[in-house]
Amino acid sequence: METQLEKVLSDIVTQQDTVGALLANRQGLCLGAKGDINPNVSGIGMAISDQVAALEPKSAVSAQPEARHPTICLYSGNRRCVIQRNGEITGIIYKQHTAAPASD
């Protein structure tokens, strides 16, 4: 399982504008991290996911459990933090906007 997590993290980090990613379990413990991301944010990301899901009480009774946890985007300057829970695993991805090259 560890090699599968490493492969998933490597695939995520190679995406455009992605600078770091981590995966956390249901308890908020970091299962793996890659790139420019602090593994200690795993618990915070899990807590944010749970709190945001509580804002939508109707989604808690949804037939699809994954629908209960929305995708969360936090913006700060030119960085973006995307939090998405899927079943027992929560992914936290840091992206950094890079300016497009100027046209002459």
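This is a short walk through the fold of one protein, from its overall layout down to a few individual residues. Please keep in mind throughout that what we are looking at is a predicted model.

Let me begin with the whole chain. The secondary structure comes to 2 helices and 5 strands, and if you read along the sequence you meet them in the pattern α-β-β-α-β-β-β. The protein has 104 residues, of which 30% are buried, and its accessible surface comes to about 6900 Å², with 54% of that surface belonging to carbon and sulfur atoms. As for how the chain folds back on itself, among the contacts with a separation of 6 or more, 36% are made by residues 24 or more positions apart.

I would now like to turn to strand β1, which covers residues 18-24. How many of the residues of this strand are buried? The count is 6 of the 7, and the strand is therefore largely enclosed by the rest of the structure. Its pairing involves two other strands: 6 bridges join β1 to β5, residues 89-96, and the two run antiparallel, while 5 bridges join β1 to β2, residues 30-35, again in an antiparallel arrangement. To give you a position to look for in each pairing, Leu 22 stands opposite Ile 92 in β5, and Ala 24 has Cys 30 in β2 as its bridge partner.

The two ends of β1 each lead to a residue with a backbone angle that you may want to inspect. In the hairpin of β1 and β2, where 5 residues lie between the strands, Gly 28 takes a positive phi near 85°. On the other side, in the loop between α1, residues 2-13, and β1, we find Asp 17, whose phi is near 70°, a positive value in a residue other than glycine. Asp 17 counts as partly exposed, because its relative accessibility is 27%, and that value falls between the cut-offs of 20% for buried and 50% for exposed.

Finally, let me take you to the second helix. Ser 49 is found in α2, which spans residues 42-54. Is Ser 49 buried or exposed? It counts as buried, because its relative accessibility is 0%. Which residues does Ser 49 contact, once we leave aside its neighbours within four places in sequence? They are His 69, Ile 72, Ile 83 and Arg 85, so if you have the model open, those are the side chains to display around this serine.

Methods
Residues are numbered from 1 along each chain as its sequence is written. This is a predicted model: local features need pLDDT of at least 70, side-chain atom pairs count only at pLDDT 80 or more; totals for chains, interfaces and linings use all residues. Side-chain values use heavy atoms; hydrogens and water are left out. Helices (H or I, at least four residues) and strands (E, at least two) are DSSP runs, numbered from the N terminus. Buried means under 20% relative accessible area, exposed over 50%, partly exposed in between (1.4 Å probe, protein chains only). Contact means heavy atoms within 4.5 Å. Two strands pair if DSSP finds at least two bridges between them. Accessible areas come from the Shrake-Rupley method with a 1.4 Å probe; for residues, only the protein chains shown count as cover.
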